[in-house]
Amino acid sequence: MSSARMSLRALVLVAVAVAIAVPAGAASAEPSASELTQKINKSSAELEKVVEAYNKLNEETKATKTEAGKVAYRLAPLQKKLDDAQADVGDIAVAAYTSGRLSTATALLGDSDTLLSRMSALDALTRERQTEIDAFRSTRDQLNADQERLTTVRAQQDAQAKELQARKKKIEADLDKLNDLRKEAYGSATSSGSAYSGKIPSVSGKAGVAVTFAYNAIGTPYVWAADGPDGYDCSGLTLAAWRAAGKSLPHNAAMQWDTVAHISRGDLKAGDLVFYEGLGHVALYVGGGQVIHAPTFGETVKLSSVDMMTPYGYGRVR
């Protein structure tokens, strides 16, 4: 047998062996439950970052709208003052003109001292009113400039909101596909959660109010950009817990980090905040090495170890 025929025969035998060893359709085998979970977790983590960015933009937009309202509120009465001042100047000019017409006759009558006194008073009053008008105009110009600046910022934020919304929709669409696979693997796309039935630790002060609120929120579903009562995202839960205690926090993990007093791990007390994932996630510390947090899509508010992830830092609400 020639060497060429021997080589061809060897290749055929190898191909047959491979066909036997690898079942048909193996290349397109369905992903395992573990692989599905990894994909879902990865998409959820990406989406949570988008949600927190969306929350931050919402906070900034609300602040901008509030500032714009303040500017508009100040502009209205200022414009009236300006109009009144300008009208007064017109009246003064008329008075000065009238006095000027009378000046010839008065001068002929020899009452020059009275005329000079009147003109001097009018001139002083005009200068005083003009100074006020100049101050009004300066303030009005500054407010108009602020208003233009705020309009520009709001337009930029609207554009960013549209971009974030588009990104969120895409990731949610990807997550929907993975959730369909998760239903196939587990029978459900979401995990069920139940309310906390154990003893809530006694914590004094406002921190105790926040801790109690968080325990009572256990089992509530994760809902993006929500701060209760029917659902929470991570920063929405910490916001709501401390809102119940009379403290205000922004709806964004990174902005909450900028608001709280930074403390060490050794100083942690119930009610403090624990930050994770480069300020992309936040939880409420409840003591005993545990936190309560809204984990991610498809899950519910739960009690977890403070070391469920590597903490970024710790903060105390002030």
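# A guided tour, starting at Leu279

Select Leu279 to begin: with a relative accessibility of 15%, this residue counts as buried, because the cut-off for that word is under 20%. The model in your viewer is a predicted one, and Leu279 sits in it within the loop that joins S2 and S3. Its backbone deserves a look as well, since Leu279 has a positive phi of about 70° although it is not a glycine. Most residues other than glycine have a negative phi.

Stay in this loop and select Glu277, which lies between strand S2 (273-276) and strand S3 (281-287). Here too phi is positive, at about 50°, in a residue that is not a glycine. Is Glu277 buried or partly exposed? Its relative accessible area is 37%, and it is therefore partly exposed.

Now zoom out to take in the whole chain. Of its 318 residues, 35% count as buried, and its secondary structure comes to 6 helices and 6 strands. Followed from the N terminus, the elements run α-α-α-α-α-α-β-β-β-β-β-β. Among the contacts in the chain with a separation of 6 or more, 65% are between residues 24 or more positions apart.

Next, colour the strands. They form an open sheet of 6 strands in the order S1-S6-S2-S3-S4-S5, and the pairing is antiparallel. Strand S1 (261-263) and strand S5 (302-305) stand at the edges with a single partner strand each, so one side of each has no neighbour in the sheet. On average, neighbouring strands of this sheet are turned by 40° against each other, when direction is ignored.

Within the sheet, select S3 together with strand S4 (residues 290-293), a pair that is antiparallel and held over 3 bridges. If you pick Leu284, its bridge partner in S4 is Ile292. Then bring H4 into view, for this helix packs on the sheet and touches S3, S4 and S5, with a direction that makes about 110° with that of S3. H5, in turn, lies across S2, S3 and S4 and runs at about 45° to S3.

Between these two helices there is another stop. Select Pro229, which lies in the loop between helix H4 (205-217) and helix H5 (234-244), and look at the bond that joins it to Gly228: this peptide bond is cis, with omega about 0°. Most peptide bonds are trans.

Move on to Thr300, whose place is in the loop between S4 and S5. Thr300 has a relative accessible area of 11% and is buried. Which residues is Thr300 in contact with, leaving aside its neighbours within four places in sequence? They are Ser191, Gly193, Gly219, Thr220, Pro221, Tyr222, His293 and Pro295.

The last stop is the largest pocket, which has a volume of about 200 Å³. To see its lining, select Asn41, Ser44, Ala45, Glu48, Glu277, His281, His293, Pro295, Thr296, Glu299, Met308 and Met309. Helix H2 (residues 33-108) gives the largest share of this lining, with 4 residues. By character, the lining residues divide into 4 nonpolar, 5 polar and 3 charged. Some of the selections may look familiar: Glu277, from the loop between S2 and S3, is one of the residues that line the pocket, and His293 and Pro295, contacts of Thr300, are also among them.

Definitions and conventions:
Residues are numbered from 1 along each chain as its sequence is written. This is a predicted model: local features need pLDDT of at least 70, side-chain atom pairs count only at pLDDT 80 or more; totals for chains, interfaces and linings use all residues. Side-chain values use heavy atoms; hydrogens and water are left out. On a 1 Å grid over the protein atoms alone, a cavity is a set of points where a 1.4 Å probe fits but cannot get out, and a pocket is an open set with protein on both sides within 12 Å along at least five of seven lines; lining residues have an atom within 4 Å of a point. Grid points are joined across faces, edges and corners, and a volume is the space filled by probe spheres set on the points. Ala, Val, Leu, Ile, Met, Phe, Trp, Tyr, Cys and Pro count as nonpolar, Asp, Glu, Lys and Arg as charged, and the others, Gly among them, as polar. Buried means under 20% relative accessible area, exposed over 50%, partly exposed in between (1.4 Å probe, protein chains only). Two strands pair if DSSP finds at least two bridges between them. Axes are lines fitted to C-alpha atoms, for helices over the stretch in contact, and angles run from 0 to 180 degrees between N-to-C directions. Contact means heavy atoms within 4.5 Å.
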